[in-house]
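Let's walk through this chain together, from the overall picture down to a few individual side chains. Keep the viewer open and follow along.

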Amino acid sequence: MPKSLKLRKPKPAPNGELYVEWVPGNLYRTGNMVPVSALSQILARKDPGFATVYKFTYDDAMQIRTNGSIRGFSSSVITASAVTLDIDDPKDIDQVTAKLDSLGLGYSVWDSGRGFHVSIPHEVISDALLPYSHRCWVEQLDLPVDYSLYQHARILRLPGQVNPKTGRPKQLIRVVEGMEPVIKIVEKPVFNFKPNGGLTTLASALNTIQRLAATEPLQGNRHTQLWAASKDACAAGLSFSSTLEILQEVNASWQNPKPAEEVELAVTQAYKLTASTVTK
């Protein structure tokens, strides 16, 4: 038995213990939930791997272990004490830090092995809407970062893990003292949908979805195809919830499905563009 799998044996949870999904360097995800207190042991490994950005309760962690997958937990209450910025292009780091400095915020900068990860501490927050609220706060900064990070199941490279393309490990390079941001919990928008003048009929939108179900898009193109199908469905007057339910089923039928949270992100992006929105 591989040594890493020993962490999957369930243990009684200490009072208030939180869990993350630990993912080995090969990125094979099996719902391997480990207590946060075990991360120090993992970080001492030569190949520490990856872990979810957000922390889960003991009950949810045990259910994820049982399921063997973190899919389906996008409505769970999760916890974080920092908002993370994922910067893919190294040239963008100066723009990001200049903005944070102008706001007087404290942060740490990590060389991710390819780009940068910036961690901005804030008070401990536990809420199912925290990932969306993080995204809203970051969007206000108008910075060149990866917004897809703000989902329940997203993982991030752990310190010491080597990027196979560059051969560089993730490592801390700078800590800046400053204030903590106030992260306000934001409700997700409710979409007022209506046909946009007949440019897309319901029949043609459903045909688009049917073709998507019949032929799985190539890796790297699935998000775009889900977004395009959602845009047609919204224009034809199909409700957000109905489109999301249908495309979740389509995604589940694929040989290599995307996480449910990423499907929801694609549908949400399409409906934001196509439909008017109101807040709850």
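**A walk through the fold**

At a relative accessibility of 1%, Glu-21 counts as buried. Its side chain meets that of Arg-29 in a salt bridge, with N and O 2.5 Å apart. Arg-29 itself is partly exposed, because its relative accessible area is 30%, which falls between the 20% and 50% cut-offs. So this pair has one buried member and one partly exposed member. Keep in mind that this is a predicted model.

Now zoom out. The chain contains 8 helices and 11 strands, and 46% of its 280 residues are buried. Among contacts with a separation of 6 or more, 74% are between residues 24 or more positions apart. As for the outside, about 14400 Å² is exposed, and carbon and sulfur atoms supply 53% of that.

Next, look at the strands. Strand β7 (residues 116-127) runs antiparallel to β5 (residues 78-87), and 9 bridges join the two. You can find Val-83 standing opposite Ile-120 of β7. Strand β7 also runs antiparallel to β6 (residues 107-111), this time with 4 bridges, and there Trp-110 stands opposite His-117. The hairpin of β6 and β7 has 4 residues between the strands, and Gly-113 takes a positive phi near 100° in it.

While you're in β5, pick out Thr-84. This residue is buried, since its relative accessible area is 13% and the cut-off is 20%. What does Thr-84 touch, leaving aside residues up to four places away in sequence? The list is Val-53, Val-118, Leu-149, Tyr-150 and Leu-156.

Back to charged pairs: the structure holds 7 salt bridges, and two of them take us around β6. Arg-114 forms one with Asp-88, with the closest N and O atoms 2.9 Å apart. This pair links distant parts of the chain, as Arg-114 sits in the loop between β6 and β7 while Asp-88 sits in the loop between β5 and α3 (93-102), 26 residues apart. Arg-114 is partly exposed at 45% relative accessibility, and Asp-88 is partly exposed at 37%.

The other one brings together the side chains of Arg-168 and Asp-111, at 3.0 Å from N to O. Arg-168 lies in the loop between β8 (155-157) and β9 (171-176) and Asp-111 lies in β6, so the salt bridge ties together parts that are 57 residues apart in sequence. Arg-168 is partly exposed at 33%, whereas Asp-111, at 12%, is buried.

Now for the helices. Helix α6 (residues 222-235) has 14 residues, and the distance from its first C-alpha to its last is 20 Å, close to the 20 Å expected at 1.5 Å a residue. Its buried residues are Arg-222, Leu-226, Ala-229, Ser-230, Ala-233, Cys-234 and Ala-235. As you read along that list, recall that an α-helix has 3.6 residues a turn, so residues three or four places apart point the same way. What do the buried residues of α6 pack against? They pack against α5 (202-214), α7 and α8 (260-274). Just after α6 comes Gly-237, which takes a positive phi of about 100°.

Helix α8 is mostly covered, with 11 of its 15 residues buried. The buried set includes Glu-261, Glu-262 and Glu-264, along with Val-263, Leu-265 and Tyr-271. Its end C-alpha atoms are 21 Å apart, which agrees with the span that 15 residues should have at 1.5 Å a residue.

Ala-260, one of the buried residues of α8, leads us to a long-range neighbor. Gly-72 is 188 residues from Ala-260 in sequence, yet their C-alpha atoms are 6.6 Å apart in space. Gly-72 lies in the loop between α2 (58-67) and β5. Is Gly-72 buried or exposed? It counts as exposed, because its relative accessibility is 62% and the cut-off is 50%.

Let's finish on the surface. Leu-202, Leu-206 and Ile-246 form a nonpolar patch there, with about 220 Å² of accessible area together. Ile-246 has its place in helix α7 (residues 240-253), and its 31% relative accessibility makes it partly exposed.

Key:
Residues numbered from 1 in each chain as written. Predicted model: local features only at pLDDT ≥ 70, side-chain atom pairs only at ≥ 80, totals over all residues. Heavy atoms only, no water. Pairing = 2+ DSSP bridges. Patch = residues over 30% accessible without salt bridge, like charges linked within 9 Å, V, L, I, M, F, W, Y side chains within 5 Å. Areas by Shrake-Rupley, 256 points an atom, 1.4 Å probe, with all protein chains shown as cover. Salt bridge = Lys/Arg side-chain N within 4 Å of Asp/Glu carboxyl O. Buried < 20%, exposed > 50% of the residue type's maximum accessible area, 1.4 Å probe, protein only. Expected span 1.5 Å × (residues − 1). Contact = heavy atoms within 4.5 Å.
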